[in-house]
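Here is a friendly walk through one protein chain, written to be read with the model open beside it. We begin at a single residue and work outwards.

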Amino acid sequence: MPVSREDGLDVSTRKLEVLSGEFEPGINRRLISTNTDNGGGHMVIEIQAGWSNPKGYCSASQDIYVLEGDLTVGNEKMISGCYSFIPQGVSYGPFKTENGCRALVFFGAPYNFIRSDNHAPNTEIDRLRMNLKTWDIPWEDAMKDMVEKTTWKNPETGEPDRPAGTLAKILRWDKDPEEQIALVHQPPGTIDPGTEVHPHNECLYLISGDCYIGYTYDNKNRKMEDRKIGITIKKDHYLSRPPGIFHGPLVTHGGVYWMTYMSDGYHGIFHDVPEWREMSEDYFSKAIYR
Ligand SMILES: [Fe+2]
């Protein structure tokens, strides 16, 4: 089994529990999904102001994105928008936070932290990426090279295409196993009119903005008893899709900013949703401007 399915989870409703490992009190987590492919998962960690902890290494690789607050790791101060990738077994720290911190963490194996000044044996230290300031990374038109993988046709040209508007900053893209971590943005008023399905895991954490997903259902379930219509999500909500989950159309009124996890690059396959215009305009008609 791959990632567990979540169709718009409000992460704040997840139980706050102690983060496992040799930590001082004051660091907790909300587990938001699990990945049975590797024993890993996704979580938000919440750290109390003034917390500190000695150096150590983790049993899992970690993609860390600071949502708010500050976290100093060694000589590097991470603030909102900073990203690090710390491979399994690499010793890092010591840690401290002045004002507290909330961070999104994608971990690649069962999670445990062991205090140590040294790396664990056989670590891949060259994969370490500490404290990328993501605002320095330019946006890319991530979809322009993927049009051959879509069945959606541009109504003006009749050619296979992808609706304009999706921009990305690739933070990590490993090939074996393939995992892609990216920040993704759709500007205000974007409508992606089809429904999409992937042969891979896809997870999205909504950092800011709003998003509407018209339909979500499992392709294998022909009766579509699990079909959800009109999911509205906002800041700190989360979507997690194992292979085969149809989703769309996607609409945003004020724009949307995501942190995303793909287990196998991006291979979307489109299907038409004839009623996409009615669904999109119904969402816009309920938009709140203040
Ligand atoms: Fe998708």
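## Starting at Gly69

Let's begin with Gly69, which lies in strand β7. Keep in mind that the model is predicted. Is Gly69 buried, exposed or partly exposed? Gly69 has 18 other C-beta atoms within 10 Å, so it counts as partly exposed; the buried class begins at 20.

Setting aside neighbours within four places in sequence, Gly69 is in contact with Thr97, Asn99, Gly100, Cys101 and Arg102. Ala103 is worth finding too: its C-alpha atom is separated from that of Gly69 by 8.5 Å, although the two positions lie 34 residues apart along the chain as a sequence separation.

## Ala103 and the nonpolar core

Which residues does Ala103 contact, once neighbours within four places in sequence are left aside? They are Ile45, Ile64, Tyr65, Val66, Leu67 and Leu71.

Ala103 also has a place in the largest nonpolar core, a set of 51 residues. Along with Tyr65, Val66 and Leu104, Ala103 is one of the residues that touch the most other members of this core. Strand β18 gives the most to the core, with seven residues. Where does this core lie relative to the two domains? Both domain 1 (6-135) and domain 2 (137-285) give residues to the core, so it lies between them.

## Two domains and their contact

The domain assignment of the chain gives domain 1 as residues 6-135 and domain 2 as residues 137-285. Taken over C-alpha atoms, the centres of the two domains are separated by 27 Å. Their contact takes 19 residues from domain 1 and 20 residues from domain 2.

On the side of domain 1 that touches domain 2, the elements giving two or more residues are β1 (6-10), β3 (27-35), β7 (62-73), β9 (82-86) and β11 (101-107). Of these, β1 gives the most, with five residues. If you colour this side of domain 1 by residue class, you will find 10 nonpolar, five polar and four charged residues.

## The helix

The chain has one helix and 23 strands. That helix, α1, spans residues 276-285, and its buried residues are Trp276, Met279, Ser280 and Tyr283. Why do these four fall on the same side of α1? They cover an arc of only 95° around the axis, which puts them on the same side.

The other side of α1 holds the exposed residues Arg277, Glu278, Glu281 and Ser285. As for what the buried residues of α1 pack against, the partners are β16 (191-192), β18 (202-218) and β21 (245-251). Strand β18 therefore turns up here as well as in the nonpolar core, where it gives seven residues.

## Backbone details to check

Two cis peptide bonds deserve a look. One joins Gly93 and Pro94, with omega about -5°, and Pro94 is found in the loop between β9 and β10 (95-96). Another joins Asp176 and Pro177, also with omega about -5°; Pro177 lies in the loop between β14 (167-175) and β15 (178-186).

Two residues other than glycine have a positive phi. For Asn122, phi is about 60°, and the residue sits in the loop between β12 (113-115) and β13 (129-133). With 7 C-beta neighbours inside 10 Å, Asn122 counts as exposed. For Asp236, phi is near 65°, and its place is in the loop between β19 (228-234) and β20 (237-241). Asp236 has 19 C-beta neighbours inside 10 Å and so counts as partly exposed.

## The chain as a whole

Stepping back, how does the radius of gyration of the chain compare with the globule rule? The radius of gyration is 20 Å, close to the 19 Å that the rule gives for 290 residues, so the chain is as compact as a globular protein of that length. Along the principal axes, the C-alpha atoms fill a box of roughly 60 × 45 × 40 Å.

Buried residues make up 36% of the 290 residues. Among contacts between residues at least 6 apart in sequence, 77% join residues at least 24 apart.

Methods
Residues are numbered from 1 along each chain as its sequence is written. This is a predicted model: local features need pLDDT of at least 70, side-chain atom pairs count only at pLDDT 80 or more; totals for chains, interfaces and linings use all residues. A residue is buried if 20 or more other C-beta atoms lie within 10 Å of its own, exposed if 12 or fewer, and partly exposed in between; C-beta atoms are placed from the backbone. The arc is that of the directions from the helix axis to the C-beta atoms. Domain bounds come from an automatic or database domain assignment. Ala, Val, Leu, Ile, Met, Phe, Trp, Tyr, Cys and Pro count as nonpolar, Asp, Glu, Lys and Arg as charged, and the others, Gly among them, as polar. A nonpolar core is a set of buried Ala, Val, Leu, Ile, Met, Phe, Trp, Tyr and Cys residues joined through C-beta atoms within 7 Å. The radius of gyration is taken over C-alpha atoms; the globule rule is 2.2 Å times the number of residues to the power 0.38.
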